[in-house]
Amino acid sequence: MNILIKSAVKNFIVFSTALYTSFSFAQSKLAIVIDDIGYHLKEDAAVFAMPREISVAIIPAAPYARVRNQEAKSQGRDILIHMPMQPVSAVKIEDGGLHLGMSAAQVNDRVNTAKNIVRDAIGMNNHMGSAATADVDLMTHLMNTLREKHLFFLDSRTIGKSVAGKIAKAQGVSSLDRHIFLDDSNELADVQRQFQTAIHYARKHGTAIVIGHPRPNTIAVLQAGLRNLPKDIQLVGMGNLWRNEKVIPPKPFILLFSEMPAPTSIEPFEPVGLLRGVPK
């Protein structure tokens, strides 16, 4: 083969390979939910300035709950009802929450009230609720109501013996579990460490569901982390996981021709611009 042809072929292969490999295909999903939305103007605003794939969980009793619901809707951001539920400790929960011993009608009424405030919610997760999510009767009432309203349940996993997921499955309700808490500790270094743990978890398991709160250090870590998110990690909203949507990577652009002038096919094989291999 003439040296010009060899050079053209080599140039084409190198250039095309480099172009193809410059595309990074997302392989793992990272879903982040920020709880306790609706109380603080400054922190909420910082959360809502983040990519719309960051989901928000709004407490219905919060003073800005309706406003935050409308703002999230306008951004196309996934919304959850952050439902107060009874903890094991004696900590008092917000009005409108769920307590052990409630009847099916009472649970249904509380969920209706919450949904009327957080109108555009696609799911619910528990605020506290270490006692509530471990209670079979209460979770059965809740899952029956969520099924009727076509809402999924995200178990924040505030207690290891939660039965929420098991009962949700039995009642035909889609349910998901939190994998990583970002800010059990509010120390900056700890939050940074937890963010990296979430990245590793996503790579290992294919998906990581992360819960954080609108706190200064959490916001700072997310702002920095999302700016430098690894190319193999795809940030997704909770709705993506609920609907089990696939992340479709961009199709690679394959260069068909080198930019070098094509040589003629008849000796002396002179390069001719724009000829692309057609002989004289």
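These legends go with close-up views of a predicted model.

**Figure 1. The whole chain combines helices and strands.**
The protein has nine helices and 11 strands. Of its 280 residues, 42% are buried. Consider the contacts with a separation of 6 or more. Residues 24 or more positions apart account for 70% of them.

**Figure 2. Helix H4 has buried residues along one face.**
H4 covers residues 104–117, which makes 14 residues. From its first C-alpha to its last, H4 reaches 20 Å. That is close to the 20 Å expected at 1.5 Å a residue. Val-107, Val-111, Ala-114 and Ile-117 are buried in this helix. Seen down the axis of H4, the buried residues fall within an arc of 120°, so they line one face of the helix. What covers them? The cover includes two helices, H3 (65–75) and H5 (136–148), and two strands, S3 (79–85) and S4 (123–128).

**Figure 3. Thr-145 touches residues 107, 108 and 111.**
Thr-145 belongs to helix H5. Is Thr-145 buried or exposed? Its relative accessible area is 4%, so Thr-145 is buried. Leave out residues up to four places away in sequence, and Thr-145 touches Val-107, Asn-108 and Val-111. Val-107 and Val-111 are also among the buried residues of H4.

**Figure 4. Met-139 sits in the largest nonpolar core.**
This core holds 56 residues. Which of them touch the most other members? They are Leu-30, Ile-32, Met-139, Leu-142 and Met-143. Take a look at Met-139. Not counting residues up to four places away in sequence, Met-139 touches Met-85, Ala-132, Thr-133, Val-163, Ala-164 and Ile-167. Another core, of 13 residues, lies apart from the largest one. Its members include Val-33, Leu-154, Ile-209 and Met-238.

**Figure 5. Helix H7 also lines up its buried residues on one face.**
H7 runs over residues 188–205 and has 18 residues. Its reach, first C-alpha to last, is 26 Å, close to the 26 Å expected at 1.5 Å a residue. Which residues of H7 are buried? They are Val-191, Phe-195, Ala-198, Ile-199 and Ala-202. Seen down the axis of H7, these residues fall within an arc of 95°, so they line one face of the helix. They pack against strands S1 (28–37), S7 (180–181), S8 and S9, and against helix H8 (216–227). Gly-206 follows H7 and has a positive phi, near 90°.

**Figure 6. Ala-208 is a buried residue of strand S8.**
Strand S8 spans residues 207–212 and contains Ala-208. Why does Ala-208 count as buried? Its relative accessibility is 0%, and buried means under 20%. Not counting residues up to four places away in sequence, Ala-208 touches Lys-29, Leu-30, Ala-31, His-179, Ala-198, Tyr-201 and Ala-202. Two of these, Ala-198 and Ala-202, are among the buried residues of H7. Ala-208 and Ile-32 are 176 residues apart along the chain. Their C-alpha atoms are separated by 8.3 Å.

**Figure 7. Strand S9 helps to line the second largest pocket.**
The pocket has a volume of about 170 Å³. Its lining consists of 12 residues. Which of them lie nearest its centre? They are Arg-52, Glu-53, Asp-78, Gly-237 and Asn-240. Strand S9 (residues 233–236) gives the most to the lining, with three residues. Val-236 has its place in S9. At 4% relative accessibility, Val-236 counts as buried. Val-236 and Arg-52 are 184 residues apart in sequence. In space, they are 8.8 Å apart, C-alpha to C-alpha.

**Figure 8. Two loop residues, His-150 and Asn-244, have a positive phi.**
His-150 lies in the loop between H5 and strand S5 (152–155). Its phi is about 60°, a positive value, although His-150 is not a glycine. Is His-150 buried or exposed? At 62% relative accessibility, His-150 counts as exposed. Asn-244 is found in the loop between helix H9 (238–242) and strand S10 (262–263). Asn-244 is not a glycine either, yet has a positive phi of about 55°. With a relative accessible area of 64%, Asn-244 is exposed.

Key:
Residues numbered from 1 in each chain as written. Predicted model: local features only at pLDDT ≥ 70, side-chain atom pairs only at ≥ 80, totals over all residues. Heavy atoms only, no water. Helix = DSSP H or I, 4+ residues; strand = E, 2+ residues; numbered from the N terminus. Expected span 1.5 Å × (residues − 1). Buried < 20%, exposed > 50% of the residue type's maximum accessible area, 1.4 Å probe, protein only. Arc of directions from axis to C-beta. Contact = heavy atoms within 4.5 Å. Core = buried A, V, L, I, M, F, W, Y, C linked by side-chain atoms within 4.5 Å. 1 Å grid on protein atoms, 1.4 Å probe; cavity = no way out; pocket = protein on both sides within 12 Å on 5 of 7 lines; lining within 4 Å. Points joined across faces, edges and corners; volume = space filled by probe spheres on them.
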